[in-house]
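Me: I am new to this structure and would like to understand the terms used to describe it. Please show it to me first.

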Amino acid sequence: MDRIRIVGGNTLNGIIPISGAKNAALPLMIASLMTSDTLTLENVPHLADVELLLRILGNHGVDISVNGRRERQSGSYARTIHFTCRTIVDTTAPYDLVSKMRASFWVIGPLLAREGRARVSLPGGCAIGTRPVDLFIDGLRALGASMEIDSGYIEATAPKGGLIGASYTFPKVSVGATHVMMMAAALARGATTIHNAAREPEVVDLANCLNAMGAKISGAGTATLTIEGVTSLSGARHRVLPDRIETGTYAMAVAMTGGNVTLEDTDIALLDTAIEALRRAGAEISPVDGGIRIIGHGDAIRPVDIVTEPFPGFPTDLQAQFMGLMTRARGVAHVTETIFENRFMHVQELARLGAKITLNGQTARIEGVPTLRGAPVMATDLRASVSLVIAGLAAEGETLVNRVYHLDRGFERLEEKLTRCGAIVERISG
Ligand code: EPZ
């Protein structure tokens, strides 16, 4: 099993190209099931989760062609992938694939809308909480589907003539359930209104792509989506938006180690709340042409309290990284997690590096320490893993991050990007 070895202490200086967003690419790829024409996606990141979804889509009958070689664009390797699903050959998404990645459950929306039925295994994914699927079931039922659970699978069936537009209010904000409702309603008969929808930029990206395919969706980015159903969708070409979580992660790394880095191919507007928290912590951040510049001061980190919330609040996917940063603040910071009930597994690993963190329910109290010291640590989920990498970069001596496969799910060429900026980071295979 691969490990990452980090020798901490260097500042980061240079340019880091930001990849296309994993959490936008996944639903966009799934949208290819909704048309018999070709959907072309540019700027698709090369990640384990993307590769797994390519296999899953292949099982359903999607013909996939990846642009011969990766295109080198301003220092990053962006891939263009063409997806063509002439016919859906299988409406079952099996346990052995869906259990590896929660987002693959989302195929339920397109399969149900286009074929009138879907049999999808209950999902898996990062171990960050119970992550139920009740919102998907209630939402699709509102569109007229019958939803039965049988032997670990959801059997979804649309009424004769297809799904029917409806008004539905989510009792809780869910990114995935919003994606799925939007895709299902796009091909339903009549109009659908979704209240309390997720407002994440990835939802807006999916709506933009679906609209380019001929859907009639308005209100994306607000809490109310209006969708006028159409009978079919066509192909389109769409560029995956930049990864705001990768952007925020490297910004936090620079804030922690100190240095001066330009994050390329990204947009400061995607992460206002996190940028604000970083500025309060003492980092200097400014927009530059096509990116963001961040200057970190390492030793002079100010304590800042944050609470995770649905967009536009502070993203749960940056919580672990921000906690990593706060371990070296000059004072006490509080980090409260409100989205997932079990997303503090990095706490005990950060403690191995010398962090002083105590947990009280959903709030962590972090008492900054002047120095972290390298140690062997265990990655537990994707974002927790990268918080350990960040902390390792700022720690004295050597940190070994085990179970690196978590990182490979969501960070493209992490070692290369950091090494180019002066970090000592290497992958040890085997
Ligand atoms: C998406 O997961 C992201 N994944 C997550 O990123 C991210 O942490 C999360 O949104 C929140 O921003 C992808 O986009 C692929 P949710 P999702 O449904 O859609 C509860 C990462 O590290 N809920 O918005 O699965 C749920 O338990 C990943 O890249 C229900 O109760 O998250 C949670 O408490 C991890 N019932 C809350 O809603 C449901 O039916 C928000 O989850 C569905 C969700």
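The questions and replies below set the values for this structure against the definitions of the terms.

Me: What should I keep in mind before reading any value?

Reply: This is a predicted model, in which local features need pLDDT of at least 70 and side-chain atom pairs count only at pLDDT 80 or more, while totals for chains, interfaces and linings use all residues. Residues are numbered from 1 along each chain as its sequence is written, and side-chain values use heavy atoms, with hydrogens and water left out.

Me: How do you know where domain 1 and domain 2 begin and end?

Reply: Domain bounds come from an automatic or database domain assignment, and here domain 1 takes 3-18 + 242-428, whereas domain 2 takes 22-239. Their centres, taken over C-alpha atoms, are separated by 30 Å.

Me: What makes β2 and β17 edge strands?

Reply: Strands are DSSP runs (E, at least two residues, numbered from the N terminus; helices are runs of H or I, at least four), and two of them pair if DSSP finds at least two bridges between them. The open sheet has the order β2-β16-β18-β17 with mixed pairing, and β2 (12-17) and β17 (284-288) each pair on one side only, so by the definition of pairing they are its edges. Neighbouring strands of this sheet are turned by 15° on average, direction ignored, where axes are lines fitted to C-alpha atoms, for helices over the stretch in contact, and angles between N-to-C directions run from 0 to 180 degrees.

Me: How do you know that β2 and β16 pair?

Reply: Six bridges join β2 to β16 (residues 259-264) in the parallel sense, which meets the requirement of at least two. Within this pair, Ile-15 stands opposite Thr-262. Helix α8 (residues 244-257) packs on the sheet, touching β2, β16 and β18 (291-296), and its direction makes about 170° with that of β16; contact here means heavy atoms within 4.5 Å.

Me: Why do β11 and β13 stand at the edges of their sheet?

Reply: That open sheet of four strands is ordered β11-β12-β14-β13, with mixed pairing. Both β11 (167-169) and β13 (216-218) have a single partner strand, so one side of each is left without a neighbour in the sheet. Strand β13 runs antiparallel to β14 (residues 225-228), joined by three bridges, and Ser-218 stands opposite Thr-226.

Me: What makes the largest cavity a cavity, and the second largest pocket a pocket?

Reply: On a 1 Å grid over the protein atoms alone, a cavity is a set of points where a 1.4 Å probe fits but cannot get out, whereas a pocket is an open set with protein on both sides within 12 Å along at least five of seven lines; lining residues have an atom within 4 Å of a point. The structure holds three cavities of 30 Å³ or more, and the largest cavity has a volume of about 50 Å³, a volume being the space filled by probe spheres set on the points, which are joined across faces, edges and corners. The second largest pocket holds about 200 Å³ of space and is lined by 15 residues, with Ala-113, Arg-114, Leu-187, Thr-231 and Ser-232 nearest its centre.

Me: How many residues in the lining of the largest cavity are charged?

Reply: The lining has five nonpolar, four polar and no charged residues. Ala, Val, Leu, Ile, Met, Phe, Trp, Tyr, Cys and Pro count as nonpolar, Asp, Glu, Lys and Arg as charged, and the others, Gly among them, as polar. Among the lining residues are Ala-255, Gly-282, His-297 and Ile-301.
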